[in-house]
Amino acid sequence: MQPGKGRKGKSFKQKLVLKSSLAKETISEFLGTYIMIVLGCGSVAQAVLSRGLFGGIITINVGFAMAVVMAIYVTGGVSGGHINPAVSFAMCLFGRMKWFKFPFYVGAQFLGAFAGAATLFGVYHDGLMAFAGGKLLIVGENATAHIFATYPAPYLSLTNAFADQVVATMFLLMIVFAIFDSRNLGVPKGLEPIVIGLLIIVISSSLGLNSGCAMNPARDLSPRLFTALAGWGFEVFTAGNNFWWIPVVGPLVGAVIGGLIYVLVIEIHHRDPDPDFETDQAEDKPEKYELSVIM
């Protein structure tokens, strides 16, 4: 038998497999953010374009939260399912992810959000064109720009808007840290995305009035840029007294504060486990999945 004869070559599927873990994680974050925008902003589109007939604040809050849940289920086992630059920033800052991965994660998140906005625009193109006689408006009763990005309430000052985003994202990260803390009550493996969805529902139901509770720079900036290019115009960046930067910077600050509060008030005060007891337990019970494990 000649050398190599009879040796099977790689299948088409094997040829497609990525060898770089960073590449896998980057694509994962792109896909997760894409899913979140199409399904999340899609719940807003359905409510707005039907003028409330096929949705309202409840379907928007639940729909967006469930979009996040589905995105994390798809990507969580590969990249952690951050789908949010503020989450990735906090994970790096508190040693849960290496800094060299940060630009790859964030770049993928912004690109995924932009692609998601483009897809949603295509899906609802005819509805958008029919809604206000072909006009793509930013303000007024026929406005549609808020389908894609958040805008402030008329009464809201920039200072209050910034505080709003800081506080909302602070709660988001504080509780995300708790969910994945194996030395706290924790959540059964596989149910973490569900609990995160419930978390987003309660935050959007309690802190969403001022400006829509973005808590995510990619979720807001990329779709806003898409609307600027797709026909709404660059007034999307000047609307609300140049509000656009608030959902970008505010969540980053809030993520740091939320993570810091959890670490200083809860995490560092956990009792050190008994090494002998921990060894015995490890033989019987697999380690609880943590967000940092796959980083």
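Biologist: In which helix do Arg-224 and Asp-220 both lie, and how many residues apart are they?
Modeller: In this predicted model, Arg-224 and Asp-220 form a salt bridge, with the closest N and O atoms 2.6 Å apart. An α-helix has 3.6 residues a turn, so residues three or four places apart point the same way. About one turn of the helix separates the two, both of them in α9 and 4 residues apart.

Biologist: Is Arg-224 buried or exposed, and at what relative accessible area?
Modeller: Buried means under 20% relative accessible area. Asp-220, the partner in the salt bridge, counts as buried at 0% relative accessibility. Arg-224 is also buried, and its relative accessible area is 0%.

Biologist: What covers the buried residues of α9?
Modeller: Helix α9 covers residues 217-232, and its buried residues include Pro-217, Arg-219, Ser-222, Phe-226 and Trp-232. The cover over them includes α2 (21-49), α3 (57-79), α4 (85-93), α5 (102-123), α6 (125-131) and α11.

Biologist: Which residue caps the N-terminal end of α9?
Modeller: The helix begins at residue 217. A side-chain oxygen lies 3.0 Å from the backbone nitrogen of Ala-218, and the residue that supplies this oxygen is Asn-216.

Biologist: Which residue follows α9?
Modeller: The last residue of the helix is 232. What follows has a positive phi, near 90 degrees, and is Gly-233.

Biologist: How many salt bridges does the count come to?
Modeller: Side chains of opposite charge can pair when their charged atoms come close. One such pair is Arg-224 with Asp-220. Another is Lys-101 with Glu-25, at 3.2 Å from N to O. The count comes to 3.

Biologist: How many residues apart are Lys-101 and Glu-25?
Modeller: Both Lys-101 and Glu-25 are buried. Lys-101 is in the loop between α4 and α5, while Glu-25 is in helix α2. The pair therefore links distant parts of the chain under the helix numbering, and the two are 76 residues apart.

Biologist: Which residue forms a salt bridge with Glu-267?
Modeller: The closest N and O atoms of this salt bridge are 2.4 Å apart. Glu-267 lies in the loop between α11 and α12 (275-284) and its partner in the loop between α4 and α5, so the pair ties together parts 171 residues apart in sequence. Glu-267 is buried at a relative accessible area of 18%, and 18% is also the relative accessibility of its buried partner. That partner is Arg-96.

Biologist: Over which ring does the charged end of Arg-96 sit?
Modeller: A charged end over a ring also occurs with Arg-51, which sits over Phe-131 at 4.0 Å from the ring centre. For Arg-96 the distance to the ring centre is 4.2 Å, and the ring is that of Phe-177.

Biologist: How many aromatic pairs does the structure hold?
Modeller: One of the pairs is Trp-99 with Phe-102, edge-to-face at 5.8 Å centre to centre and 70 degrees between the planes. Trp-99 is partly exposed, with a relative accessible area of 43%. The structure holds 14 such pairs.

Biologist: Why is the pair of Phe-177 and Tyr-262 edge-to-face?
Modeller: Phe-177 is in helix α7 (residues 158-179) and Tyr-262 in helix α11 (residues 246-265), 85 residues apart. Both Phe-177 and Tyr-262 are buried. Planes over 60 degrees apart count as edge-to-face. The ring centres are 6.5 Å apart and the pair is edge-to-face because the planes stand at 85 degrees.

Biologist: How many residues has the largest nonpolar core?
Modeller: Ile-147, Phe-148 and Trp-232 are among the residues with the most contacts inside this core. Ile-147 touches residues that include Cys-41, Val-44, Leu-120 and Leu-128. Phe-148 and Trp-232 also belong to one aromatic cluster with Phe-114, Phe-121 and Phe-226. The largest nonpolar core has 63 residues.

Biologist: Which side chain does the side chain of Ser-28 join in a polar contact of 2.9 Å?
Modeller: Ser-28 is found in helix α2 and counts as buried at 6% relative accessibility. Ser-28 touches Thr-75, Val-78 and Ser-79. A polar atom of the Ser-28 side chain lies 3.3 Å from the backbone oxygen of Thr-75. The contact of 2.9 Å is with the side chain of Ser-79.

Definitions and conventions: Residues are numbered from 1 along each chain as its sequence is written. This is a predicted model: local features need pLDDT of at least 70, side-chain atom pairs count only at pLDDT 80 or more; totals for chains, interfaces and linings use all residues. Side-chain values use heavy atoms; hydrogens and water are left out. Rings of Phe, Tyr and Trp (its six-membered ring) pair if their centres lie within 6.5 Å; planes under 30 degrees apart count as stacked, over 60 as edge-to-face and the rest as tilted. Buried means under 20% relative accessible area, exposed over 50%, partly exposed in between (1.4 Å probe, protein chains only). A charge sits over a ring if NZ of Lys or CZ of Arg is within 6 Å of the ring centre and within 35 degrees of the ring normal. A nonpolar core is a set of buried Ala, Val, Leu, Ile, Met, Phe, Trp, Tyr and Cys residues joined through side-chain atoms within 4.5 Å. Contact means heavy atoms within 4.5 Å. A polar contact is a pair of N or O atoms within 3.5 Å; within protein, one must be able to donate a hydrogen and the other to accept it, and residues adjacent in sequence count only if both atoms are side-chain atoms. A salt bridge is a side-chain nitrogen of Lys or Arg within 4 Å of a carboxyl oxygen of Asp or Glu.
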